Amino acid sequence: MNAKQEERSNPFGMDEACTNCDLCKTREQVVHGYGDVDAHFLFVGEMPGDGADETGVPFTGDAAGERLQEILGRLGLNESPPDAEEPEIENAFLTYVTRCRHPERGPTDGEIMTCEPYLNAEIRMINPEILVPIGEGALAEIATEYTTKPAADIDIVADHATTIRGRGFELVPMIRPENQTEEQTEAFVQHFHELMDTDYRQTKGRQGR
């Protein structure tokens, strides 16, 4: 983590009392990004789970979050136990398309558009080498905004643990960890390790957007 970075939680000081859409009525708290601002790897979910809604930290506080933290640990990106509420994330940043939770449904198009500036700002400031959309909703949004390939041509199951060329970085789609089979988890870990073992910095991302 950057020595000048004071904390991992909401390091860019984004609005923690946002009331720009009706999700402010159903959330416990706004869940902005968390992790290393110098990260090469940016993981994006669709919206906070019930655990993150309680802790305020993406992908923590419930079994689904622990599954992702376990995967990050296997990749050397998390130095904490999977159930840590403030994991020691290194070289990774965790965030969501929408920052507030509705307990009964996914986000609407209007809610996604309202939150879009937060995500765009994080992507711009972190400038990752690899972006990991987690789940179908996150993949649809990321693919629409950040690839030249039609979003309808990208499938979360078929393209899980593969590399897709993006605009200035590459995408590695991930099925939601709680929905992955053991084989799908192994495939993702193996593929991501292969990417980390290559000199991706010379061929991706930093060429400008």
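These are my notebook entries on the sheet, one helix, the nonpolar cores and the largest pocket of a predicted model.

**Entry 1: the sheet**

I began with the order of the strands. The model has an open sheet of 6 strands, which I read as β1-β3-β2-β4-β6-β5, and the pairing is mixed. I then asked which strands stand at the edges. They are β1 (34–35) and β5 (164–165); each has a single partner strand, so one side of each has no neighbour in the sheet. As a reminder to myself, strands of a sheet pair through backbone hydrogen bonds, either parallel or antiparallel.

**Entry 2: β2 and its partners**

Next I looked up β2 (41–45). On one flank, β2 pairs with β3 in the parallel sense, over 5 bridges. Within this pairing I found Leu42 opposite Phe93 and Gly45 opposite Tyr96. β2 also runs parallel to β4, and 4 bridges join the two. Here Phe41 has Ile130 as its bridge partner, and Leu42 has Leu131. I note that Leu42 thus turns up in both lists, facing Phe93 in β3 and Leu131 in β4.

How many residues of β2 are buried? I counted 5 of its 5. In a regular strand the side chains alternate between the two faces of the sheet. I checked both sides of β2: Phe41, Phe43 and Gly45 lie on one, Leu42 and Val44 on the other, and all are buried.

**Entry 3: β4**

I moved on to β4 (130–133). Ile130 and Val132 point one way, Leu131 and Pro133 point the other way, and all are buried. β4 pairs with β6 in the parallel sense over 2 bridges. Ile130 has Glu170 as its bridge partner in β6, besides Phe41 in β2.

**Entry 4: helix α4**

Which residues of α4 (136–146) are buried? I listed Ala138, Leu139, Glu141, Ile142, Ala143 and Tyr146. An α-helix has 3.6 residues a turn, so residues three or four places apart point the same way. I then looked for what covers the buried residues of α4, and found β2, α3 (109–126), β4 and β6 (170–171) among the elements that do so.

**Entry 5: the nonpolar cores**

The largest nonpolar core has 26 residues. Those that touch the most other members are Phe43, Leu77, Val132, Met174, Phe188 and Phe192. Two or more residues each come from β2, α2, β3 (92–96), β4 and α5 (182–197). The largest share is that of α5, with 4 residues.

I followed Phe192 further. Leaving out its neighbours within four places in sequence, Phe192 is in contact with Phe41, Phe43, Leu75, Leu77, Ile130, Val132 and Val172. Apart from this core there is another one of 21 residues, which includes Val97, Leu131, Ala143 and Ile156.

**Entry 6: the largest pocket**

Last, I looked for empty space. Rolling a probe the size of a water molecule over the atoms shows where such space is left. The largest pocket holds about 290 Å³. Its lining has 18 residues, and Met47, Pro48, Gly49, Arg176 and Glu178 lie nearest the centre. Two or more lining residues come from each of α1 (50–55) and α2 (63–74). I sorted the lining by type and got 8 nonpolar, 4 polar and 6 charged residues.

How values were computed. Residues numbered from 1 in each chain as written. Predicted model: local features only at pLDDT ≥ 70, side-chain atom pairs only at ≥ 80, totals over all residues. Heavy atoms only, no water. Buried < 20%, exposed > 50% of the residue type's maximum accessible area, 1.4 Å probe, protein only. Contact = heavy atoms within 4.5 Å. 1 Å grid on protein atoms, 1.4 Å probe; cavity = no way out; pocket = protein on both sides within 12 Å on 5 of 7 lines; lining within 4 Å. Points joined across faces, edges and corners; volume = space filled by probe spheres on them. Nonpolar A, V, L, I, M, F, W, Y, C, P; charged D, E, K, R; others polar. Core = buried A, V, L, I, M, F, W, Y, C linked by side-chain atoms within 4.5 Å. Pairing = 2+ DSSP bridges.
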